[in-house]
Amino acid sequence: MTIALGIVIALFYLQALAKFGLWLLVPYQVRIKRIAAYYARSQRLIGIYDTLTLLCVVAIIALQFAAGLSALSFAAGLVAGMNLIQIFIHRFNEPLAENRRPPAPAAPNITMSYAIQARPALGWREIVIMALLSLWALYVIVTEILAS
């Protein structure tokens with residue numbers, strides 16, 4: 001069970017790292033065109049993705065508790081993660097240029113998504129911290145799996 005849990009968590013970390021890499025490698029016009037296409041579908045795909053991700057998160061947490069989770073480690077990770085995301089979102093406090101705004105009317109989540117795509121570097125500190133923690137976690141998970 002621990003190896004399967006490690007593999008699932010490692011896949012989540014790889015997805016997070018890929019997302020950061022896409023901001024660096026994929027030009028803005030390409031990224032925003034993809035995002036606009038997702039939102040144009042009345043957010044159905046995003047809703048499905050979010051539901052599946054939430055189910056995976058619940059499963060990971062249940063498996064962690066079943067494996068003898070350290071409550072203090074869990075609480076520390078939860079507080080750190082929630083605060084990193086909150087601070088990251090707060091970095092995007094500059095108005096969007098007219099040519100970078102989503103079509104009106106835009107829901108707050110769509111506007112936020114466009115703001116992040118327009119200037120992901122505003123959250124560079126949080127991205128660096130999340131990327132470094134993700135790399136460290138991947139290293140630990142892979143070495144533990146290989147040692148098993």
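Helix H3, residues 44-66, is a run of 23 residues whose first and last C-alpha atoms lie 33 Å apart, close to the 33 Å expected at 1.5 Å a residue. The expected span here is 1.5 Å times one less than the number of residues in the helix. Helices (H or I, at least four residues) and strands (E, at least two) are DSSP runs, numbered from the N terminus. Just after H3 comes Gly-68, with a positive phi of about 90°. As background, most residues other than glycine have a negative phi, and most peptide bonds are trans.

A word on the source: this is a predicted model, in which local features need pLDDT of at least 70 and side-chain atom pairs count only at pLDDT 80 or more, while totals for chains, interfaces and linings use all residues. Residues are numbered from 1 along each chain as its sequence is written, and side-chain values use heavy atoms, with hydrogens and water left out.

Now for the overall picture. The protein has six helices and zero strands, giving the pattern α-α-α-α-α-α along the sequence. Its C-alpha atoms fill a box of roughly 55 × 30 × 25 Å along the principal axes. Of its 148 residues, 26% count as buried; buried means under 20% relative accessible area, exposed means over 50%, and partly exposed is in between (1.4 Å probe, protein chains only). About 10100 Å² of surface is exposed, with carbon and sulfur atoms supplying 71% of it. These areas come from the Shrake-Rupley method with a 1.4 Å probe, and for residues only the protein chains shown count as cover. As for contacts (heavy atoms within 4.5 Å), residues 24 or more positions apart account for 78% of those with a separation of 6 or more.

The inside of the protein comes next. The largest nonpolar core holds 26 residues, and those with the most contacts inside it are Phe-20, Trp-23, Phe-88, Phe-92 and Tyr-114. Helices H1 (2-25), H2 (28-40), H4, H5 and H6 (124-147) each give two or more residues to this core, and H1 supplies the largest share, six residues. A core of this kind is a set of buried Ala, Val, Leu, Ile, Met, Phe, Trp, Tyr and Cys residues joined through side-chain atoms within 4.5 Å.

Tyr-114 has a long list of partners: leaving out residues up to four places away in sequence, Tyr-114 touches Ile-32, Ile-35, Ala-36, Tyr-39, Leu-96, Arg-100, Arg-101, Pro-102 and Pro-103. Ser-113 sits in helix H5 and is buried, with a relative accessible area of 14%. Beyond its neighbours within four places in sequence, Ser-113 is in contact with Ile-35 and Tyr-39.

The aromatic rings deserve a look too. A search of the whole structure turns up two aromatic pairs. One joins Phe-65 and Phe-74, a tilted pair at 5.7 Å centre to centre with 55° between the planes; Phe-74 is partly exposed, at a relative accessible area of 28%. For Phe-88 and Phe-92, the ring centres are 5.0 Å apart and the planes meet at 70°, so this pair is edge-to-face. Both Phe-88 and Phe-92 are buried. Rings of Phe, Tyr and Trp (its six-membered ring) pair if their centres lie within 6.5 Å; planes under 30 degrees apart count as stacked, over 60 as edge-to-face and the rest as tilted. Elsewhere, Arg-100 lies over the face of Tyr-28, 3.7 Å from the ring centre. For such a charge to sit over a ring, NZ of Lys or CZ of Arg must be within 6 Å of the ring centre and within 35 degrees of the ring normal.

Between helix H4 (71-90) and helix H5 (108-118) runs a loop that contains Pro-105. The peptide bond joining Ala-104 and Pro-105 is cis, with omega about -10°.

That leaves helix H6. Its 24 residues should span 34 Å at 1.5 Å a residue, and the end C-alpha atoms are indeed 34 Å apart. Its buried residues are Glu-126, Ile-127, Met-130, Ala-131, Ser-134, Ala-137, Leu-138 and Ile-141. Glu-126 has a relative accessibility of 4% and touches Leu-84, Ile-87, Phe-88 and Arg-91, not counting residues up to four places away in sequence. Arg-125, also found in helix H6, is partly exposed, with a relative accessible area of 35%.
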